[in-house]
Every structure is written in C-alpha cells, then in structure tokens.
Amino acid sequence: MERHVENNRFRQEPVGGSGFCTRKAGEIGNFRQDSLGKLVAVGVKTLVLQAMTCADVTAAGDAAVKAVVGEERFAMIQSAKLLVVGAGGIGCELLKNLVLSGFREIEVVDLDTIDVSNLNRQFLFRRVHVDRPKSVVAAEAVKQFRPNANIISHHGNVKDPQFGLEFIGKFDVVVNALDNLEARRHVNRLCLAAEKPLLEAGSTGHLGQVTVIRKGETECFECQAKPSQKVYPYCTIRSTPEKPVHCLTWAKNLFDLCFGPEDESNLLADLAAEMRKFQAQESVDGEDAGRRIFAHLFEEDIKKQAQLEDLWSDQRPPPGPLCYEDALKNTERPSTDADKDKLETQKVPSVAGDAQGFVAAVAKMYGERRELIGQSSFSKDDPVAMDFVHCAANLRMQNYRIGRLSRWDAQSIAGSIIPAVASTNAIVAGLEVVQLLHVLQSVGKNMKDSKARTVWVRFPEPSRKKILQPSSLHTPNPDCFVCGSRTARVALRSLEECKIMALAKGCIQGQLGAHKPALYANGSCIFDPEYPEPGEEAEEEGLHPEWSLSQWGLTSGSLLQVEDEGQGWSINLVIREEPDLDEQLYPGGFKVSQWPTQWWLQVEAGAGAGEEAAKDMAEKKRKAEADAAEATAAKKAQLDANTVALDD
Amino acid sequence: MSAITGDQVAVYDRQLRLWGVQAQQRLLNAKVLIWGLEGSNVEACKNLVLAGIALTLRDHRTVTAADVGFNYFLRPEDIGKLRAECASKRVQEMNPLGSVSFSSDRPTSDDKLKELLKGFDIVVVGLSCLGFDFELAAKMDSVCRSLGAGFLLTVAAGELSFFFSDLHEHVMQDRSAQGGPEAGPTEPKAETFSFPSFGSWLAAVPELLQGKSDASFKLIGLLASFLQKDPQKAVPSRAADFATHCREVKCEPAVDGLVGMEQAFGHFFVEPLIHVASVLGGLLSQEVIKAITRKDPPLVNSVCFNAHTGAALVEHIPPVAAAPKKRKAEEEVVADLLDD
Ligand SMILES: [Zn+2]
C-alpha cells in the first residue's frame with residue numbers, strides 16, 4: 001500500500017493552450033507527473049494558494065476538456081450560442097454539463113418557479129429557493145462553476161411573443177429540456193421556421209430519449225403523431241363515468257366551476273347557476289354551503305341521472321344517490337395486506353372521510369380563501385383544491401360503484417404526475433450534450449454523415465446488450481403537416497353548428513398545436529387571434545368568432561389557410577362534414593388527418609371535381625393508411641411506451 | 001424501520017411514485033461509501049444523496065485547480081485542502097434530509113482496509129484514487145464480499161467511461177410497476193443474479209483481449225494487463241510503452257472516436273468530459289439503487305459508455321457460455337430495426 005502518493009502539497013498550475021494534452025505532458029517545463037499521473041507544478045509552495053483565482057480554475061477545467069475533444073472541437077464549444085428551453089429536471093443537469101464542458105454563451109427560458117417536490121432531482125435548487133424562478137436560480141448556480149460563462153436567464157413562457165423567430169435566430173442550436181407536449185411542438189415549429197437545429201429530450205421515471213431535429217434532414221418533433229392529452233367524451237364525464245379518471249376530470253371541472261372565473265366551455269357549465277349562487281352572497285356559512293353542494297351533486301343530481309332510463313342497462317346499472325347523513329355513517333375503510341407498508345395518504349379513506357373532507361374543503365374556500373373565489377383554478381399542488389377534487393371524485397365514484405382512490409393516487413392522476421429521479425435526468429442531459437457536439441461538427445455538412453443519433457434509455461434490462469441504445473435518425477415524413485406537405489384534412493360533424501372560434505381553439509390550437517392561429521378563406525381573414533371572442537371590437541374588424549362555418553360560407557370540401565405568425569408556421573386545411581363522426585373516437589369533435597401533397601394538388605385543380613376526387617382518394621388512402629398502420633402498430637406500440645417521455 | 005416523515009414525503013414525492021415506500025425506506029437506511037471523488041463518482045454523489053442515501057465520501061487527495069474545474073462540489077477557495085471534506089459540505093447542502101460524512105483515510109494494511117470497508121452496504125471505488133492499482137481493487141472487492149457489501153469500480157478515459165459491478169449473489173425481490181396507479185399491483189417475483197468477483201474479471205483479461213467483447217472493454221482490459229505487475233506505470237509519459245504492450249499482446253482495439261493506443265492511454269489520466277460522467281454516473285447510481293432496493297434486475301457486470309457512439313454496452317466478463325439459440329422474440333426484432 002506504500003505506493004499511494006503523499007497528499008500533494010502543490011497547487012496545479014493553470015494550464016492553457018495545447019500543452020496539457022497528455023501526449024505531450026512529459027514535455028511541459030516546470031511540471032512533473034505525480035504517481036497518480038496528475039500534473040503537479042514543481043517548487044510552488046502553498047502560499048500561492050491565496051492567489052488562486054477563478055480564472056485558474058476555468059483554465060484548468062478547459063484544459064482537461066480540450067485534452068479530450070481537441071482544439072478544433074473546443075473552439076466550436078466556446079463560440080456556440082445556445083438556447084436552453086427548460087430549467088427543471090433535465091435543464092439543471094444540462095446547464096451543469098454545458099457550462100463545465102466549456103460552453104460560454106447560454107440563454108435559458110423557463111416559466112416555472114421552484115416547488116419542494118423538485119428538490120429530489122433539480123440539484124441546483126435548495127429549500128430557500130422555493131417559489132423563486134427556476135431559470136434565474138439555475139443560471140446563478142451554474143455561473144459559480146464557471147464565473148466567465150455568459151448565462152442569461154428569462155423567467156417566461158417560451159410561447160410568449162418575445163421568444164419568437166427573431167429571438168431564436170440569435171442562436172446556433174436550441175436545446176430542449178421541456179416537460180410538456182405543447183411547448184415542445186411550439187419550439188419545434190420555431191426551430192424549423194428559423195432553420196435552427198433542435199435537440200429534443202425527455203424522461204419519465206427510469207426511461208428516457210434524446211434526438212436531433214434539423215429541417216429537411218431529420219424527422220421533426222411532429223412527423224410522427226404523439227399521444228396527446230386524452231380527451232373524454234362529454235357524456236362519459238357528465239353522466240356515465242366508468243373509471244376514476246372520469247370522476248377526477250369531473251371534479252376538476254367542478255372546482256373551476258365553483259371557484260374559478262366564468263367559463264362557457266366548462267364541461268359542467270349547466271350546473272353553474274346552482275354552484276355559483278353562494279358566491280353572490282355577502283356572508284356564507286361555508287359548512288352549510290358545502291352540505292348544500294353535496295346534496296345537490298351526490299344526491300339530487302344523481303337521482304335525476306338515474307331516471308334517464310335509456311342510459312342504463314343490466315351491464316350498466318344506474319348510479320346510486322348518496323345523502324350526507326348516510327355518508328357520515330359509512331366509516332369503514334377498505335384495507336388490504338399491503339397497507340402496512342403504505343403512507344397514510346396512500347390509503348383509501350372511508351366514505352364518511354370523503355364526505356367530511358368535501359364539506360371541509362368547501363368551508364375553507366368560503367372561509368380563508370373567500371377573496372380568491374371567482375379567480376381560483378385547480379392545481380395539484382394546492383392542498384385545498386386537491387382535497388376538494390379528491391373527495392368530490394371519490395364521492396362520485398361511490399355514486400357510480402367505481403373503486404375509490406387514495407389521495408396519493410388521485411393526485412397522480414388529476415395532476416398527471418410523472419415520476420422522476422435525478423439519475424435518469426443526468427443520463428438524458430449527458431446524452432443531449434453528446435448529440436450537441438455531433439450537431440456542432442455537422443454544421444455545413446450532411447447530418448447523415450455525422451454520428452448524431454436518437455438514443456433510447458432502456459430500463460431495467462439492456463436491449464441487445466445496450467442499456468443506452470442509439471438508432472439512426474429518420475428522414476422527414478413528407479406528409480408531416482408541420483415540416484412536410486403542410487396540408488391536413490379536418491372532418492367535423494356539422495358546418496352549421498361548429499363555430500369558427502371552436503375550430504380555432506379545439507382543433508387548430510388543441511390538436512394541430514398552433515399558438516395564435518389566423519384563419520383565411522378565399523383570401524380574406526375569417527378569424528383573427530387578436531379577437532378570439534365575440535364583441536364590439538371584433539365586429540368593427542368585420543370578425544364574428546361566434547359565427548358557424550356555414551355562416552362564413554364554407555362547405556364540405558372548402559379550403560382554409562391557417563397561419564401562425566408567432567410560430568412561423570402555416571397549413572392548408574380541407575374541411576369536410578361527416579355527420580356520423582364517432583363521438584367516442586373523436587370527443588373533441590374534430591378528426592384530423594395528414595394529407596399528402598399529391599391529393600392536395602388534385603383538390604386545388606378543380607373545386608367541385610376536387611371534392612369528389614378527394615373523397616374517393618381519401619377513401620383509398622384511408623384503407624392504405626389503416627393497413628400500413630396495422631403493420632407498424634406492433635413495433636410502434638413498444639417504442640411508444642418509451643417515447644412518452646415527459647419529465648422536465 | 002422508522003416511518004417516513006412528512007418532510008421526506010414532500011421532497012421525495014416524485015421518486016416515491018416511481019419506486020414506492022418500501023424501496024425508499026431501504027434507501028434511507030442504506031450506507032454507501034464513495035471512495036475516490038473523481039469522474040462518474042462525483043455524479044453518483046449527487047444522484048445518491050438526492051435519492052436519500054447516507055453517504056461517506058473518502059479521498060486522501062487534496063484539491064487542485066483541475067479538480068475544481070471538473071468537480072462542481074469544489075470551489076477555488078478549497079484548493080490545497082482535503083477533497084472529501086470540502087466536497088462533503090456541498091453534497092450535504094443538496095439534501096439537508098440526507099446524511100453525508102467524509103474521511104481521508106488510506107488503507108495502510110490489510111486490517112485497516114477491512115476496517116475502512118466495514119459498515120457499508122455498497123462501496124463505489126474510483127480506480128484513479130487507488131493509483132490505478134487493479135490488484136488493490138480486487139482485494140477490496142474480496143473484502144467487500146466477506147463483509148456482504150456490494151462493490152463497484154469506475155474508470156474513465158475521455159469520451160469513454162466504464163464501471164464494473166459485483167453484487168455477489170443478488171436476490172431481486174420485485175420489479176418496478178408498469179403503468180402507474182391505474183394499472184394495479186403486480187405479483188412480486190424473486191430472481192437471483194450471480195456476479196463474478198473482480199478477481200475473476202482480472203483473471204479473464206487475456207481471454208477478454210482475444211475474445212469477442214466490444215473494443216471499449218478491451219481497452220480497459222489492456223490497461224489492466226499493462227499495469228498488472230507495476231501500477232507505477234500509470235502515468236501519461238508511459239503512453240508509448242502502453243502502445244508497445246498492446247502490440248505485444250496482439251490487441252489493438254479500434255474504439256470509435258479514439259485515434260491510436262497512445263492517445264487512449266493519455267485519456268485515463270484526465271477527468272472525463274462532464275457529460276460522459278453524467279451519463280455513466282446516472283447508470284451507476286441506478287445500479288446502486290437497484291442493489292439497495294432489491295428492485296429490478298441489475299446489470300451483470302461490466303458497463304461501458306462511449307460518447308462518440310452514444311451507446312452504453314453491458315457485458316458479462318468473464319463471458320458466460322452462449323445459451324442455445326432460440327427464436328427471436330418480437331422485442332428483439334424491434335431492437336434489430338432500431339439498431340445501427
Ligand atoms: Zn415533421
């Protein structure tokens with residue numbers, strides 16, 4: 001054991017230039033190798049330590065990177081201008097990796113503030129930082145690692161106009177560290193429009209994925225349809241829930257209806273009069289209000305539902321009303337053997353507990369939260385809102401004989417919580433830098449010839465001996481409605497009933513991922529995102545968001561141009577009326593499908609004939625699509641399990 | 001086991017939802033030793049303390065400017081002071097609920113070595129901190145075996161990063177649930193994994209160098225065989241000797257991204273790129289967590305990440321006799337499609 005070196009009493013000289021490259025190490029003047037192979041300066045005493053500066057540390061850190069990547073790549077690293085979108089789980093790891101790899105010019109955007117539940121992985125944050133902006137705290141933290149790095153933080157939503165095309169244009173590469181689909185689609189479009197390479201990454205639990213997007217050379221983020229947020233049919237939520245998630249969706253709508261601003265699109269809007277009548281009163285006994293709301297929702301309304309005979313059958317028995325007094329008597333808690341290892345919040349409460357919890361939550365809203373009534377909205381992190389939603393959903397599950405949930409599970413589902421740990425994010429963020437170096441090297445070259453890859457994080461077992469598995473980047477999908485033909489077909493039930501604002505919001509924003517779309521027909525604007533709601537101002541501009549599509553003169557087969565200036569994205573839509581559009585399959589009321597260019601051209605050729613041809617072709621196409629879809633379904637299903645990668 | 005506190009639930013929420021209360025309790029009761037604050041081990045410190053594991057950081061070396069340039073738990077004012085002590089303060093800051101201690105002890109005798117390894121569930125060792133002494137690493141592993149502790153060894157070379165893992169006879173009790181709270185519980189199914197010792201890993205090096213293993217594993221094997229009789233050769237100035245050695249043993253693996261054996265050798269003596277450490281440190285931490293929680297099958301037993309290709313490979317060294325060929329599962333067909 002004698003061969004262990006003495007603690008080395010000498011500081012290591014800052015080393016710049018190429019001299020540190022280990023091949024030449026022996027040639028360096030007043031250095032020697034210690035027996036661990038580290039370079040140590042000879043004859044410099046500890047006194048000098050006081051003079052050690054940050055610049056020395058930077059120089060030493062940079063030298064080590066340069067020794068590995070070489071002069072040329074290091075110069076690229078130092079001059080690259082990067083935009084990092086997201087400073088959460090992946091973002092913290094990414095910023096650390098970038099700064100310590102020698103990147104100097106970084107801007108970071110994040111709209112979030114720090115929450116206690118972030119602290120298990122977002123390692124740049126401490127308890128004292130809770131409620132401060134993530135972007136700001138993260139930038140401050142990594143600046144300590146390399147004080148000479150120029151890091152600019154923005155506390156804001158990347159969809160805000162200030163982060164538009166002009167802003168994106170400043171950077172060489174955009175690196176995503178996002179946790180939601182909407183923002184990812186938006187950044188994807190910005191990068192395509194600005195022709196900037198984009199690195200995309202995501203993690204969920206132990207799984208993760210990293211990929212590279214460059215316009216015209218690779219698939220864009222939207223070339224393959226991504227599983228979007230699930231929408232449930234109105235009737236399922238309102239009258240015939242079958243799963244806990246249906247009752248939780250109902251309860252979230254209920255919370256917003258009771259305590260949020262008026263919203264016509266709330267699924268329970270028909271209950272508004274009843275739910276909001278307490279709001280107008282000067283002083284309300286919260287307990288009393290809670291019991292009245294209870295009686296209305298879980299007893300009277302259920303009785304009415306049960307009488308709608310055509311909804312119920314032997315397979316689907318009518319719901320059972322629950323009165324408050326009876327609920328209080330039901331104090332039995334469902335328990336299992338597994339309960340001994342559970343947290344209190346992971347156990348399912350008694351019906352009495354749910355009833356009391358519901359009334360208590362309403363009482364709290366009318367008590368200490370009185371001021372916020374009319375402007376609250378559901379958040380999984382707000383304990384009162386979460387109690388309300390958990391108890392309300394459980395009581396409804398009791399009505400409909402659905403197994404009730406613990407608060408823990410209710411929060412997971414209602415808040416769409418993605419489990420997350422530091423290790424996966426560290427892997428993913430490291431892989432993003434790997435790809436970033438390949439992208440920087442391929443500037444002006446063909447991406448195909450680079451080492452850039454999609455990399456999958458496998459868990460727990462490797463796939464063909466690979467626990468991190470690269471796969472070649474795919475070429476763009478020519479029919480992609482974002483980077484390809486930019487044509488799509490939208491089917492809806494009735495042109496007469498569908499308002500233009502509903503098309504803009506539900507379909508073009510909701511399904512096609514636009515942020516602020518403008519709609520044009522026959523060259524004139526029929527919907528302007530500056531006037532999304534009906535009103536005098538809109539009217540003065542000749543706009544009527546509340547008009548139906550047929551009022552605007554659109555018929556089945558009509559063409560619409562959509563333009564989202566902020567995203568630099570546009571698309572042509574063919575509108576089709578399909579009166580028997582399946583509500584279960586398309587609960588939003590719109591069926592969107594990609595439309596390849598060749599079909600599109602035929603439609604353009606002749607209006608009426610085009611429509612017929614389109615129908616015919618579309619039919620053939622649909623069959624072909626169905627066949628192709630089936631063929632790839634098996635392999636896709638497995639990949640998708642790993643694709644739904646959504647941690648921040 | 002003591003109950004998890006409300007404070008812990010709030011902070012560990014997202015991981016409790018991943019591995020459950022029982023696994024978290026095991027992590028909170030576990031003691032892990034990180035011996036050698038270098039390369040991927042620095043990253044492991046972060047991941048493991050955040051998971052709630054009690055850490056002891058051990059390193060006899062003092063802080064240099066190059067350390068501060070790489071290890072983000074160190075600051076310029078730490079230069080000249082003890083590495084473990086300085087880093088432990090900032091590792092602790094990351095998780096005030098966790099426990100972090102430090103030591104600068106060195107194994108001056110076999111008894112001392114045993115004493116220094118006692119009381120830990122898992123020991124993670126950096127080869128550079130051992131002065132690249134592979135024999136010492138094998139001795140540590142065998143002590144860990146006798147103490148019932150898991151042993152992991154890390155070594156890095158620029159864009160390459162490697163770890164070896166020995167969990168002896170590891171019994172996995174359960175797998176992570178798939179599909180979230182709506183999927184319902186699955187029946188736990190225990191499974192045993194047998195790990196070779198690091199001694200048998202070293203003994204298999206000649207076989208490794210001539211066998212079918214990936215080039216990156218061969219490079220580590222070459223380092224081991226070059227230093228076998230004399231760890232003093234672990235200095236960059238012996239690069240040419242290393243290249244000669246490779247020619248002599250007729251093994252000159254073409255590792256993606258590396259030009260020649262001399263360059264490869266030099267990379268062993270600088271800190272790896274931080275993102276390489278980030279990736280391997282993440283994989284390493286997952287193995288430590290699997291070992292402690294007894295959840296999910298561990299990787300047996302050698303893992304190498306190459307940042308040039310983006311792939312991380314898992315191999316069993318010494319190699320096991322090939323299993324009879326069976327029909328390709330659908331999963332493998334998909335993997336084939338994905339593969340480069
Ligand atoms: Zn595309």
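**Notes on a cavity and a zinc site**

1. Let's start with some empty space: the second largest cavity holds about 150 Å³. Keep in mind as you look around that this is a predicted model. The count of cavities of 30 Å³ or more comes to 12.

2. Who lines the second largest cavity? There are 16 lining residues, and Glu38(B), Gly39(B), Ser128(B), Ala156(B) and Glu271(B) are the ones nearest its centre. Try picking those out in the 3D view.

3. Now for the elements behind that lining. In chain B, α2 (39-51) and β5 (150-157) each give at least two residues to the second largest cavity. The largest share is from β5(B), with 3 residues.

4. What about the chemistry of this lining? Sorted by type, the residues around the second largest cavity are 8 nonpolar, 5 polar and 3 charged.

5. Over to the metal. The zinc ion is held by the SG atoms of Cys220(A), Cys223(A), Cys480(A) and Cys483(A), as its protein donors, at 2.3 Å. Along the chain, these donors of the zinc ion are spaced as C-x2-C-x256-C-x2-C.

6. Why is the zinc site called tetrahedral? Its 4 donor atoms make angles of 94 to 117 degrees, and four donors earn that label because all their angles lie between 85 and 135 degrees. For reference, the ideal angle for four tetrahedral donors is 109.5 degrees.

7. Are the cysteines at 220 and 223 of chain A buried or exposed? Cys220(A) has 5% relative accessibility, so it counts as buried. Cys223(A) is buried too, because its relative accessible area is 3%, and the cut-off for buried is under 20%.

Technical notes: Residues are numbered from 1 along each chain as its sequence is written. Chains are lettered from A and ligands numbered from 1 in the order in which they are written. This is a predicted model: local features need pLDDT of at least 70, side-chain atom pairs count only at pLDDT 80 or more; totals for chains, interfaces and linings use all residues. Side-chain values use heavy atoms; hydrogens and water are left out. Donors are N, O and S atoms within 2.8 Å of the metal (3.2 Å for Na, K and Ca); water is not among the atoms, so sites may look incomplete. Four donors count as tetrahedral if all angles lie between 85 and 135 degrees; four count as square planar and six as octahedral if opposite donors are over 155 degrees apart and all others between 65 and 115; anything else is irregular. Buried means under 20% relative accessible area, exposed over 50%, partly exposed in between (1.4 Å probe, protein chains only). On a 1 Å grid over the protein atoms alone, a cavity is a set of points where a 1.4 Å probe fits but cannot get out, and a pocket is an open set with protein on both sides within 12 Å along at least five of seven lines; lining residues have an atom within 4 Å of a point. Grid points are joined across faces, edges and corners, and a volume is the space filled by probe spheres set on the points. Helices (H or I, at least four residues) and strands (E, at least two) are DSSP runs, numbered from the N terminus. Ala, Val, Leu, Ile, Met, Phe, Trp, Tyr, Cys and Pro count as nonpolar, Asp, Glu, Lys and Arg as charged, and the others, Gly among them, as polar.
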